[in-house]
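Here's a walk through one model, strand by strand and then out to the helices and the largest pocket. Have the fold open beside you as you read.

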Amino acid sequence: MPDVVLDAGALIALDRGSRRMAALLDAVHHREGTVVVPAGALAQVWRDGARQARLGRLLRSIAVVVDPLDGQTARAAGVLCGRAGTSDVVDASVALAAARRGCAVVTTDPEDLSRLGADVIAL
């Protein structure tokens, strides 16, 4: 498993100590892959760095890239929502990040991400 994109559900699973999430991240690390965290998904889950040690540790890793939610991506996410008949622009930005990198999204909500055209790894 080379690269993966994490949605908010995957970040929450990590933060709560999910063994499955930890194993998945270990597999990515051993294959020298990159973990992509879309900025919108990070904003949905970040509350208190002092209490979110696992998430903070992940974000400090050199194998992690925080994918920005800039104007171009925001517009593309809106267009994708319109095409898919959905309204969650953060999910759309997650799907776009995965599509740009040609990798899967790790998610607790595979149905919504699949509707947006993403390949998913369900937790």
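Let's start at one end of the sheet: strand 4 and strand 5 pair in the parallel sense, over 3 bridges. Two strands count as paired if DSSP finds at least two bridges between them. Helices (H or I, at least four residues) and strands (E, at least two) are DSSP runs, numbered from the N terminus. Within this pair, T107 stands opposite A122 in strand 5.

A word on the ground rules: this is a predicted model, with local features needing pLDDT of at least 70 and side-chain atom pairs counted only at pLDDT 80 or more, while totals for chains, interfaces and linings use all residues. Residues are numbered from 1 along each chain as its sequence is written, and side-chain values use heavy atoms, with hydrogens and water left out.

**The sheet**

Zooming out, 5 strands make an open sheet in the order 3-2-1-4-5, with parallel pairing. Its edges are strand 3 (64–67) and strand 5 (120–122), each of which pairs on one side only. On average, neighbouring strands are turned by 30 degrees against each other, direction ignored. For angles like this, axes are lines fitted to C-alpha atoms (for helices, over the stretch in contact), and angles run from 0 to 180 degrees between N-to-C directions.

What holds such strands side by side? Strands of a sheet pair through backbone hydrogen bonds, either parallel or antiparallel.

Strand 1 runs parallel to strand 4, and 3 bridges join them. Strand 1 also runs parallel to strand 2, joined by 2 bridges. V4 is a handy residue to click on: its bridge partner in strand 4 is A104, and in strand 2 it is V35. Further along, strand 2 (residues 35–38) pairs with strand 3 in the parallel sense over 4 bridges.

Here are some of the bridge partners to look up:

| Residue | Bridge partner | Strand of the partner |
|---|---|---|
| V4 | A104 | strand 4 |
| V4 | V35 | strand 2 |
| V36 | V65 | strand 3 |
| V37 | V66 | strand 3 |

In a regular strand the side chains alternate between the two faces of the sheet. Strand 4 is covered on both faces: A104 and V106 on one side, V105 and T107 on the other, all buried. Buried means under 20% relative accessible area, exposed means over 50%, and partly exposed is in between (1.4 Å probe, protein chains only). Strand 2 is also covered on both faces, with V35 and V37 buried on one side and V36 and P38 buried on the other.

**Helices on the sheet**

Helix 2 lies across strand 1 (4–6), strand 2, strand 4 (104–107) and strand 5, running at about 145 degrees to strand 1. Helix 6 (residues 89–101) packs on the sheet too, touching strand 1, strand 2, strand 3 and strand 4, and its direction makes about 125 degrees with that of strand 3. Contact here means heavy atoms within 4.5 Å.

**Three buried residues**

V64 lies in strand 3 and is buried at 12% relative accessible area. Leaving out residues up to four places away in sequence, V64 touches V35, V37, L58 and L59. V64 and V89 are 25 residues apart in sequence and 22 Å apart in space, C-alpha to C-alpha.

S93, in helix 6, is buried with a relative accessible area of 3%. With the same sequence neighbours set aside, S93 touches L69, T73 and A77.

C81 sits in helix 5 (residues 71–84). Is C81 buried or exposed? At 4% relative accessibility, C81 counts as buried. Beyond its neighbours within four places in sequence, C81 is in contact with T86, S87, D88, V89 and A92. C81 and D91 are 10 residues apart in sequence and 8.9 Å apart in space, C-alpha to C-alpha.

**The largest pocket**

How much space lies in the largest pocket? About 300 Å³. The closest to its centre, of the 15 residues that line it, are L14, L25, D26, L58 and S61. Helix 2 (19–30) and helix 4 (53–60) are the elements that give two or more residues to the lining, and helix 2 supplies the largest share, 5 residues. By type, the lining divides into 8 nonpolar, 4 polar and 3 charged residues.

As for the terms, a pocket is an open set of points on a 1 Å grid over the protein atoms alone, where a 1.4 Å probe fits, with protein on both sides within 12 Å along at least five of seven lines; lining residues have an atom within 4 Å of a point. The volume is the space filled by probe spheres set on the points, which are joined across faces, edges and corners. Ala, Val, Leu, Ile, Met, Phe, Trp, Tyr, Cys and Pro count as nonpolar, Asp, Glu, Lys and Arg as charged, and the others, Gly among them, as polar.
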